[in-house]
Amino acid sequence: MYSPETQSKIAIFRQKAVEGTLTLDECRESIKLLREGRETAQAAARASKSKSKPPANAEALLNELDNL
Amino acid sequence: MLTSRPGDFPSIWDSSILNEFKECPEKFSKGTIHWWKPKTHSVHLHAGAAFAHGVERARRAFYEESLDAETSVASGLQALLSFYGDFAYPEDSAKTPERMAGALEYYFDNYPLLKGESDPIVLPGGKLGIEFGFVEPLEICHPATGDPILYSGRMDAILNYAGSILLTDEKTTSSLGATWSRQWDLRGQFTGYAWGCHRNGIRVDGALIRGVSILKTKYETQQAITYRPEWQISRWFTEANEWIEEAAKMWLRGRFRHNLGETCSSFGGCAFKQACQSQEEKPWLETYFEQRHWNPVLRTETLVETPQPAEVTKAFEEQKSALDSLSP
């Protein structure tokens, strides 16, 4: 979900949190990165779903109905 | 008398301890009476607590300190990562600090901090309903001291939401599902919380439970609202006293019954299963467990450096004397 760069940054910020030196600005940056990563992953998942399922052929379906 | 040594009957109970006894009295004996806890700390519990710290901090920053929403969530993230610390999580766990940080961002994207949306109520003392805790006496008395047993609870918040006053609990989980929301309909944890709120002059209508599932590649969320009418709270109170009375009888007898059913194998198996399968439990307990005392009020766990078998023997002898003195 998150790029290697994002994961690496969060890991650095986590270490800073352990040391007690993590700033609010760095947390704001983290939130922004996490949001971007999640939204990118969600968009990719939506695009993948729409590609994998071919659109229904309405004319073929109606022809089948006529042949019943 | 507050519980201070392994073998003592607990003088303060909470939802977890009550459930533990209901699941299996012997599990309660090992875990709560004698303080045996697995040496490996659960990543689920630690990550869940880190998440709760983050949500609490974000709420306080927004509602108490009037910081803007973005700064409040950032402050929550700071609290989450500080609490998570350098906890050694299993390699294959989805609840890494990075994933939990993402879960916090996801939570506030779904349930944004907006004044007037789901504000914490103002408690009778003037504080806001963020992390509200209570300790109240039950009717049942301690089998050794005679003092009333205390029941404690702590809820994440009490919110004004959808026209109701709802005690609120956030739950992090590995998966939600179609039936997730229905499991809370009768959950005693929330009935007990509602009882505690009413005892403190807070008329809650029920509970709001927000679940966030944390998987390796995505998050999901659901929320459930469940109501607690007075008759359900009254039933919970009567039965909680009866359950604890049962536990006291077993403690005085010096023997707790085993479930020997679903509890032994559910949720990956009871931690004490190997010990219960052995005629000599002590080597299993001393190898794979350590004694840690859980204080439900302070919500802290204190490690006992070495097992205290002499204390346990003394506690049992005192129990037996108390039981013998009751005989006609």
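Start with both chains of this predicted model on screen and look at where they meet: chain A and chain B bury about 1,900 Å² between them, and 65% of that area lies on carbon and sulfur atoms. Now select the contacting residues on each side, and you will have 20 from chain A and 25 from chain B. To see which chain A residues lose the most area to chain B, pick R14(A), I31(A) and R38(A). Together they account for 32% of what the chain A side buries.

Next, hide chain A and select residues 15-23 of chain B, which form helix 1, along with residues 25-33, which form helix 2. Their axes are 5 Å apart and cross at an angle of about 135°. Angles over 145 degrees would count as roughly antiparallel, so this pair of helices in chain B is oblique instead. Show side chains here: from helix 1 come I17(B), E20(B), F21(B) and E23(B), and they meet P25(B), K27(B), F28(B), G31(B) and T32(B) of helix 2. Coloured by class, this contact shows 4 nonpolar, 2 polar and 3 charged residues.

For the last stop, how many cavities of 30 Å³ or more does the structure hold? There is 1, and the largest cavity has a volume of about 60 Å³. To frame it, select R59(B), Y63(B), Y107(B), F108(B), Y111(B), P112(B), L113(B), S118(B) and R210(B), which line it. Helix 3 (43-64) and helix 5 (97-110) of chain B are the elements that each give two or more residues to this lining. Colour the lining by class as well, and you will find 6 nonpolar, 1 polar and 2 charged residues.

Note on methods:
Residues are numbered from 1 along each chain as its sequence is written. Chains are lettered from A and ligands numbered from 1 in the order in which they are written. This is a predicted model: local features need pLDDT of at least 70, side-chain atom pairs count only at pLDDT 80 or more; totals for chains, interfaces and linings use all residues. Side-chain values use heavy atoms; hydrogens and water are left out. Axes are lines fitted to C-alpha atoms, for helices over the stretch in contact, and angles run from 0 to 180 degrees between N-to-C directions. Helices (H or I, at least four residues) and strands (E, at least two) are DSSP runs, numbered from the N terminus. Angles under 35 degrees count as roughly parallel, over 145 as roughly antiparallel, 65 to 115 as roughly perpendicular and the rest as oblique. Contact means heavy atoms within 4.5 Å. Ala, Val, Leu, Ile, Met, Phe, Trp, Tyr, Cys and Pro count as nonpolar, Asp, Glu, Lys and Arg as charged, and the others, Gly among them, as polar. On a 1 Å grid over the protein atoms alone, a cavity is a set of points where a 1.4 Å probe fits but cannot get out, and a pocket is an open set with protein on both sides within 12 Å along at least five of seven lines; lining residues have an atom within 4 Å of a point. Grid points are joined across faces, edges and corners, and a volume is the space filled by probe spheres set on the points. Buried area is the accessible area (1.4 Å probe) that two parts lose on being put together, summed over both.
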